[in-house]
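This report describes the strands, helices, salt bridges and surface of one protein chain. Please keep the sequence and the structure in view while reading.

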Amino acid sequence: MGITLISISHQAAPLQIREMFAFPEEVQAKLMKQMIEKGIADECVIISTCNRTEVYTYSEYPDSNFAEMQELLLDFASAQDVEHMGDYIRLYSGSKAIRHLFRVTAGLDSMVMGEDQILGQVKRAHEFAHETGTCGVYLNTLFRYAVTAAKKVKTETDLSRTTVSTATMAIKAAEQTFGSLHGKKVMLIGASGKIGSTVLKNLQCIEGAEVYITARNMGQASADPHHKISYQVMDYEKRYELVNEMDVIVSATTSPHYTLTYDNLAKCLVTEKPRVLVDLAVPIDIDARAGKLPGVKRYDIDDFRELAAANNEKKQHEALEAEQMLEESRKDFERWMIFQQGLPKIAKTKEWMLREAEKKGFERAIDKMFYRLRDNSEPEELRAFLEHLGSVE
């Protein structure tokens, strides 16, 4: 009985592979339900972000379900015939799977170490699985432990104090081209999403930038008096009418289709000047061929690795401290799980001891239990048990 995990993440899989596993919530729900209905798992939670798709399961037979888990996952992604697919998948079980979730939730496995968005994404994944009915006592408790441990890391270490996120790197990518965004026109597509809203907050701290956001709901607010700039709301369907004026375009939607196609950009970008297109979506929003247009630099998630590496290098000390805190929380969870799984045996042992106590007295019943432990334990297990008994007062 235990936890297993299949992971497709930025650590091993390139963007074009991760795109295949970027399932919308309705597909995630169907996949989680099939994991259980087909008897592959007893519980299932899926974490799906721009940098990872991870399937966590709890099963009474965790070592035997990897092949079936992988087959179903590849079937949902239509990835059965992808060459070298095994190079992009990571399999974890037991303590390694538990440790991985704790590291992911605390931002230690993120492209940008210590980034804040992943904690909310993990919480949402857990809530969604609970709403879907695929998350039971073991994964519920595992994810609660992971979230609690991540919050402790964020409050008791400096890992997230000077946070750099994918959203802030999008701004940095544009600033590398222009030096400053003062006086520049910036279009943000998908401003109401999780990543887009963070990009907008960062833009609103840049004085002198002229920001346009696309919105399908034209009732959205278009000003914020607490920031240095306001922004103009434009109809998403009219985005191509303004692209020629823009210096920077950031797209961060959950659309399965391109928000900007190569053909339409080639037609609309009639003024040749330096432009930066930043695609923060998975699957991608901006046609990759757009980077071939005159004056255009196009960035996607995987292009931020160099910036992320510099950030991560600065946070190695905080990461070590965080790892130690997470390891203690992992042990706490595993102790809980082992004890939970052992409750039926504990109940039987209590019943046996009560019967023995009635026949021969309580002291003889305790003695008999210790002799049973002696005769049925591995030497190292017995030594560890007796050492622990020595600390009992």
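Two strands are said to pair if DSSP finds at least two bridges between them. Helices (H or I, at least four residues) and strands (E, at least two) are DSSP runs, numbered from the N terminus. The model is predicted, so local features need pLDDT of at least 70 and side-chain atom pairs count only at pLDDT 80 or more, while totals for chains, interfaces and linings use all residues. Residues are numbered from 1 along each chain as its sequence is written, and side-chain values use heavy atoms, with hydrogens and water left out.

## The antiparallel sheet

In β4, Arg90 is the bridge partner of Ser7. This contact belongs to the pairing of strand β1 (residues 2-9) with β4, which is antiparallel and extends over four bridges. The two strands are part of an open sheet of four strands, arranged in the order β2-β3-β1-β4 with antiparallel pairing. Its edges are β2 (43-49) and β4 (90-93), each of which pairs on one side only. From one strand to the next, the twist averages 15°; such angles run from 0 to 180 degrees between N-to-C directions, with axes fitted as lines to C-alpha atoms, for helices over the stretch in contact.

## The parallel strands

A run of parallel pairings links β5, β8, β9 and β10. Strand β5 (residues 185-189) is joined to β8 by four bridges, and Leu188 stands opposite Val250 of β8. Four bridges also connect β8 with strand β9 (residues 275-279) in parallel; here Val248 has Val276 of β9 as its bridge partner. Between these two strands the chain passes through helix α10 (residues 262-268), and this β-α-β crossover is right-handed. Right-handed means that, with the strands pointing away from the viewer, the path from the first strand over the helix to the second runs clockwise. On to strand β10 (residues 296-300), β9 is joined by five parallel bridges, and Val276 has Lys297 as its bridge partner there.

Burial is judged by relative accessible area: buried means under 20%, exposed over 50%, and partly exposed in between (1.4 Å probe, protein chains only). In a regular strand the side chains alternate between the two faces of the sheet. Strand β8 (residues 248-251) is covered on both faces, with Val248 and Val250 buried on one side and Ile249 and Ser251 buried on the other. The faces of β9 are likewise both covered: Arg275, Leu277 and Asp279 are buried on one side, and Val276 and Val278 on the other. Because five of the five residues of β9 are buried, this strand is largely enclosed by the rest of the structure.

## Helix α4

Which residues of helix α4 (residues 95-105) are buried? They are Ala97, Ile98, His100, Leu101, Phe102, Val104 and Thr105. After α4 comes Gly107, whose phi is positive, near 85°.

## Salt bridges

Side chains of opposite charge can pair when their charged atoms come close. A salt bridge is counted where a side-chain nitrogen of Lys or Arg is within 4 Å of a carboxyl oxygen of Asp or Glu. The whole structure holds 19 salt bridges, including the three tabulated here.

| Salt bridge | N to O distance |
|---|---|
| Arg103 and Asp109 | 3.6 Å |
| Glu327 and Arg330 | 2.6 Å |
| Arg374 and Asp375 | 2.9 Å |

Arg374 is partly exposed at 45% relative accessible area, and Asp375 counts as exposed at 52%. Salt bridges that share partners also join Arg52, Glu54, Arg103, Asp109 and Glu323 into one network. Within that network, Arg103 is partly exposed at 22%, whereas Asp109 counts as buried at 7%.

Glu327 and Arg330 both lie in helix α12 (residues 316-341), three residues apart, about one turn of the helix. Glu327 is partly exposed at 22%, whereas Arg330 is buried at 8%.

## A nonpolar surface patch

Phe370, Phe385, Leu386 and Leu389 form a nonpolar patch on the surface, together offering about 310 Å² of accessible area. Patches consist of residues with over 30% relative accessible area and no salt bridge, in which nonpolar side chains (Val, Leu, Ile, Met, Phe, Trp, Tyr) are joined within 5 Å and like charges within 9 Å. Accessible areas come from the Shrake-Rupley method with a 1.4 Å probe, and for residues only the protein chains shown count as cover. Helix α15 (residues 379-389) gives the most to this patch, with three residues. Leu386 is located in α15 and is partly exposed, with a relative accessible area of 44%.
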